[in-house]
Amino acid sequence: MAPVFAMLSSSFGEFRIEILDVLAQGDRVAVRAAMSGVHQGELFGIPPTGRTFTVALHEFHEFRDGRVAKTWHMEDWFSLFNQIGAFPSPGK
């Protein structure tokens, strides 16, 4: 995850993740969140646009022995690219 957060911190100013809901059942935890910021640095070859964005994040975690054993993670990248007005080239 460190490389992903490094890319996000260099691409987005005013970067923020807001946790909206946390639901737990048995050994599973679901998190609904929103990621927002300003596109201020290159992202997947897309030059900075200065546009703001807010996108949905969904995380699902499975715990074993008090530790995270598996994580499923989804981000709404289509919405992000739409909000900044750019889509990556097919080769990038």
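**Exercise 1. Work out how β3 and β4 are paired, and describe the turn that links them.**

Solution. Begin with the direction of the strands: β3 and β4 run antiparallel and are joined by eight bridges, where strands (E, at least two residues) are DSSP runs numbered from the N terminus and two strands pair if DSSP finds at least two bridges between them. Next, take one bridge as an example, in which F60 has W72 of β4 as its partner. Finally, look at the turn, where two residues separate the strands of the hairpin and D65 has a positive phi of about 55 degrees. The model is a predicted one, in which local features need pLDDT of at least 70 and side-chain atom pairs count only at pLDDT 80 or more, while totals for chains, interfaces and linings use all residues. Residues are numbered from 1 along each chain as its sequence is written, and side-chain values use heavy atoms, with hydrogens and water left out.

**Exercise 2. Follow β2 (28–39) to its partner strands, and decide whether β2 is largely enclosed or open.**

Solution. First, consider β1 (12–25), which pairs with β2 in the antiparallel sense over 11 bridges; across this pairing L23 stands opposite A30, and D21 stands opposite R32. The hairpin of β1 and β2 has two residues between the strands, and G26 takes a positive phi near 60 degrees there. Second, turn to β3, with which β2 also pairs in the antiparallel sense, over 11 bridges; here G37 has F53 as its bridge partner, and A34 has A56. Third, examine burial, which means under 20% relative accessible area, with exposed over 50% and partly exposed in between (1.4 Å probe, protein chains only). Nine of the 12 residues of β2 are buried, so β2 is largely enclosed by the rest of the structure.

**Exercise 3. Describe the surroundings of E62 and H61 in β3.**

Solution. Start with E62, which is found in β3 (residues 52–64) and counts as buried because its relative accessibility is 8%. Its side chain is joined to that of R28 by a polar contact of 3.4 Å, a polar contact being a pair of N or O atoms within 3.5 Å, where within protein one must be able to donate a hydrogen and the other to accept it, and residues adjacent in sequence count only if both atoms are side-chain atoms. Now move to H61, which also lies in β3 and, at 15% relative accessibility, counts as buried. The side chain of H61 makes a polar contact of 3.4 Å with the side chain of E59. Leaving aside residues up to four places away in sequence, H61 touches several others, including D27, V29, V31 and T71, where contact means heavy atoms within 4.5 Å.

**Exercise 4. State which elements contribute to the lining of the largest pocket, and what kinds of residue make up that lining.**

Solution. List the elements first: α1 (2–11), β1, β2, β3 and β4 (67–75) each supply at least two lining residues. Then sort the residues by kind, which gives 11 nonpolar, one polar and two charged; Ala, Val, Leu, Ile, Met, Phe, Trp, Tyr, Cys and Pro count as nonpolar, Asp, Glu, Lys and Arg as charged, and the others, Gly among them, as polar.

Terms used:
Helices (H or I, at least four residues) and strands (E, at least two) are DSSP runs, numbered from the N terminus.
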